[in-house]
Amino acid sequence: MKKVLVLFSHPKFEKSRANTALVDHIKDMEGVTFHDLYERYPDFHINVSAEKNF
């Protein structure tokens, strides 16, 4: 099985119907790792090395 990493970034995610549908559809899929960058890095200092390790 292939593994997929989704790095998601949307400043107003809760107001986006398209992105809400996407996230709802993929968040529990086997083989898919979902990272909301706004949630994980509220200070906008993304740990690139850590994200590359997924």
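## Exposed, buried and in between

A residue counts as exposed when its relative accessible area is over 50%, as buried when that figure is under 20%, and as partly exposed in between. Phe-44 has 59% relative accessibility, so Phe-44 lands in the exposed class. Keep in mind that what you're looking at is a predicted model.

Phe-44 has a second thing going for it. Its phi is near 65 degrees, a positive value in a residue that isn't glycine. As for where to look, Phe-44 sits in the loop between helix H2 (37-40) and helix H3 (48-52).

## The overall layout

Stepping back to the whole chain, there are three helices and two strands. Read from the N terminus, the order of elements is β-α-β-α-α. The C-alpha atoms take up a box of roughly 35 × 30 × 10 Å along the principal axes.

The chain has 54 residues, and 19% of them count as buried. About 4,600 Å² is exposed, with carbon and sulfur atoms supplying 54% of that area. On the charge side, there are 8 positive and 8 negative charges, and their mean positions lie 5 Å apart.

How much of the contact map is long-range? Taking contacts between residues at least 6 apart in sequence, 56% join residues at least 24 apart.

## Two strands and a crossover

Strand E1 (residues 4-8) pairs with strand E2 (residues 32-36) in the parallel sense, and five bridges hold the register. Two of the pairings are easy to pick out: Val-6 stands opposite Phe-34, and Leu-5 has Thr-33 as its bridge partner.

Helix H1 (residues 17-26) joins E1 and E2 in a β-α-β unit, and the unit is right-handed.

Leu-22 is a handy marker on that helix, as it lies in H1. With 39% relative accessibility, Leu-22 comes out as partly exposed. Follow the chain 30 residues on from Leu-22 and you reach Lys-52, with the two C-alpha atoms 22 Å apart in space.

## Neighbours in E2: Phe-34 and His-35

Phe-34 belongs to strand E2, and so does His-35. Buried or partly exposed: which label does Phe-34 get? Its relative accessible area is 22%, so Phe-34 is partly exposed. His-35 has a relative accessible area of 4%, and because buried means under 20%, His-35 counts as buried.

What does each one touch, once neighbours within four places in sequence are set aside? Phe-34 is in contact with Val-6, Phe-8, Val-23 and Ile-26. Val-6, then, is both a contact of Phe-34 and the residue standing opposite it across the strand pair. Val-23 and Ile-26 fall within the residue range of helix H1, so to speak the helix side of that contact list.

His-35 has its own set of partners: Leu-5, Val-6, Leu-7, Phe-8, Arg-40, Glu-51 and Phe-54. Leu-5, Val-6, Leu-7 and Phe-8 come from the E1 stretch, residues 4-8, while Arg-40 falls in the H2 range (37-40) and Glu-51 in the H3 range (48-52).

One last distance for Phe-34: Lys-2 is 32 residues away along the chain, and the C-alpha atoms of the two are separated by 14 Å.

Methods
Residues numbered from 1 in each chain as written. Predicted model: local features only at pLDDT ≥ 70, side-chain atom pairs only at ≥ 80, totals over all residues. Heavy atoms only, no water. Pairing = 2+ DSSP bridges. Helix = DSSP H or I, 4+ residues; strand = E, 2+ residues; numbered from the N terminus. Right-handed = clockwise from strand over helix to strand, strands pointing away. Buried < 20%, exposed > 50% of the residue type's maximum accessible area, 1.4 Å probe, protein only. Contact = heavy atoms within 4.5 Å. Areas by Shrake-Rupley, 256 points an atom, 1.4 Å probe, with all protein chains shown as cover. Lys, Arg positive; Asp, Glu negative; His and termini not counted. Charge placed at Lys NZ, Arg CZ, Asp CG, Glu CD.
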